[in-house]
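Let's take a walk through this one together. Have the sequence and the coordinates to hand, and we'll go from part to part.

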Amino acid sequence: MMLPKERQAKIREWLESKHSLKISELSKWLGVSEMTVHRDLKPLIESGVAEKVFGGIALARPKPGSAEQPPAADECALCQRKIEQRLAYRLILEGNRIESTCCAHCGLLRQKQWGDQVIQAICYDFLSHTTVSARTAWYVLETSIDIRCCQPQVLTFERRNHAEGIVKGFGGIVMSFEEALAYIDKSMGRECPGCS
Ligand SMILES: [Zn+2]
Ligand SMILES: [Zn+2]
């Protein structure tokens with residue numbers, strides 16, 4: 001049996017990948033009553049992460065004039081490097097605050113620091129430069145391609161097979177969001193030229 005906090009984290013994860021959820025399916029997946037699901041959803045709705053829709057919830061859309069037009073931050077929130085759009089990692093925080101970092105290295109570290117306050121994070125596919133949800137992205141670490149940003153380098157990909165293709169050609173390790181987060185967090189004990 002999961003704790004309410006664990007169920008809420010799970011719901012938030014599903015919400016980010018599916019964008020909307022039904023109360024009835026949540027009740028089934030979590031193995032709790034619909035009453036309990038309603039109680040779990042309350043804080044998510046109150047904090048503006050989710051909004052009520054018929055029979056369930058949906059990922060809240062940013063309110064006009066706030067998250068939709070983020071101030072064009074051009075300095076990394078962590079290391080103050082100048083941000084290059086194609087490498088950037090953006091964090092949407094509670095209260096419609098947005099933070100940008102120079103690359104996924106700094107992005108993952110900020111993600112770790114903010115913890116539960118991160119509503120959504122977005123990065124760019126290394127090849128196509130289209131936006132990808134950080135949670136569903138694939139990460140390549142320790143590759144020999146030099147992106148001229150922070151060490152250890154973190155490259156982001158929308159598709160796993162593209163990440164694997166890069167590793168085949170240039171070395172490195174393919175990781176999921178959770179794995180990359182843990183790896184970068186651990187590596188911070190080591191010397192990090194990009195961040196010093
Ligand atoms: Zn940075
Ligand atoms: Zn960087």
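A residue counts as exposed when its relative accessible area is over 50%, as buried when that area is under 20%, and as partly exposed in between. Keep in mind that what you're looking at is a predicted model. With those cut-offs, arginine 148 is exposed, because its relative accessible area is 68%. You'll find arginine 148 in the loop between β8 and β9. Its backbone is worth a look too: phi of arginine 148 is near 55 degrees, a positive value in a residue other than glycine.

Stay in that loop for a moment, since proline 152 has its place there as well. The peptide bond leading into it from glutamine 151 is cis, with omega near -10 degrees. As background, most residues other than glycine have a negative phi, and most peptide bonds are trans. There's another positive phi to visit, in the loop between β4 and β5, where asparagine 96 sits. Phi of asparagine 96 is near 60 degrees. And how accessible is asparagine 96? Its relative accessibility is 32%, so asparagine 96 counts as partly exposed.

Now for the metals. Which residues hold the zinc ion (ligand 2)? Cys102, Cys103, Cys149 and Cys150 coordinate it, each through SG, at 2.3 to 2.4 Å. The 4 donor atoms make angles of 100 to 119 degrees, and the site is tetrahedral. Along the chain, the donors of ligand 2 read C-C-x45-C-C. Cysteine 102 sits in the loop between β5 (97-101) and α4 (104-114), while cysteine 149 is in the loop between β8 (138-141) and β9 (154-157), so this pair ties together parts that are 47 residues apart in sequence. Cysteine 102 and cysteine 149 are both buried.

The zinc ion (ligand 1) has its own set of protein donors: the SG atoms of Cys76, Cys79, Cys102 and Cys106, lying 2.2 to 2.3 Å from the metal. You'll recognise Cys102 from the other site, and indeed cysteine 102 bridges the two zinc ions, which lie 3.8 Å apart. The site of ligand 1 is tetrahedral, with angles of 107 to 114 degrees among its 4 donor atoms. Its donor spacing is C-x2-C-x22-C-x3-C. Here, too, distant parts of the chain are linked: cysteine 79 is in the loop between β3 (56-59) and β4 (89-93), cysteine 102 is in the loop between β5 and α4, and the two are 23 residues apart. Cysteine 79 is buried, just as cysteine 102 is.

From the metals, move on to the sheet. Three strands form an open sheet in the order β9-β8-β10, with antiparallel pairing. At its edges stand β9 and β10 (173-175), each with a single partner strand, so one side of each is left without a neighbour in the sheet. On average, neighbouring strands here are turned by 30 degrees against each other, direction ignored. Between β8 and β10 there are 3 bridges in the antiparallel sense, and valine 140 stands opposite valine 174 in β10.

Two helices pack on this sheet. Helix α5 (residues 160-170) touches β8, β9 and β10, and its direction makes about 10 degrees with that of β8. Helix α6 (residues 177-187) also touches β8, β9 and β10, with its direction at about 115 degrees to that of β10. For a residue-level view of α5, pick valine 167, which has its place in that helix. Leaving aside residues up to four places away in sequence, valine 167 touches Val140, Gly172, Ile173 and Val174.

Helix α6 has a helical partner as well. The axes of α4 and α6 come within 9 Å and cross at roughly 90 degrees, and the two helices are therefore roughly perpendicular to each other. At that contact, His105, Leu108, Leu109, Gln111 and Lys112 in α4 meet Phe177, Ala180, Leu181, Ile184 and Asp185 in α6.

To finish, look at another helix pair. Helix α2 (residues 23-30) and helix α3 (residues 34-46) pack at an angle of about 105 degrees, with their axes 9 Å apart. So α2 and α3, too, are roughly perpendicular to each other. Ile23, Ser24, Leu26 and Ser27 in α2 meet Glu34, Val37, His38 and Leu41 in α3.

Note on methods. Residues are numbered from 1 along each chain as its sequence is written. Chains are lettered from A and ligands numbered from 1 in the order in which they are written. This is a predicted model: local features need pLDDT of at least 70, side-chain atom pairs count only at pLDDT 80 or more; totals for chains, interfaces and linings use all residues. Side-chain values use heavy atoms; hydrogens and water are left out. Donors are N, O and S atoms within 2.8 Å of the metal (3.2 Å for Na, K and Ca); water is not among the atoms, so sites may look incomplete. Four donors count as tetrahedral if all angles lie between 85 and 135 degrees; four count as square planar and six as octahedral if opposite donors are over 155 degrees apart and all others between 65 and 115; anything else is irregular. Helices (H or I, at least four residues) and strands (E, at least two) are DSSP runs, numbered from the N terminus. Buried means under 20% relative accessible area, exposed over 50%, partly exposed in between (1.4 Å probe, protein chains only). Two strands pair if DSSP finds at least two bridges between them. Axes are lines fitted to C-alpha atoms, for helices over the stretch in contact, and angles run from 0 to 180 degrees between N-to-C directions. Contact means heavy atoms within 4.5 Å. Angles under 35 degrees count as roughly parallel, over 145 as roughly antiparallel, 65 to 115 as roughly perpendicular and the rest as oblique.
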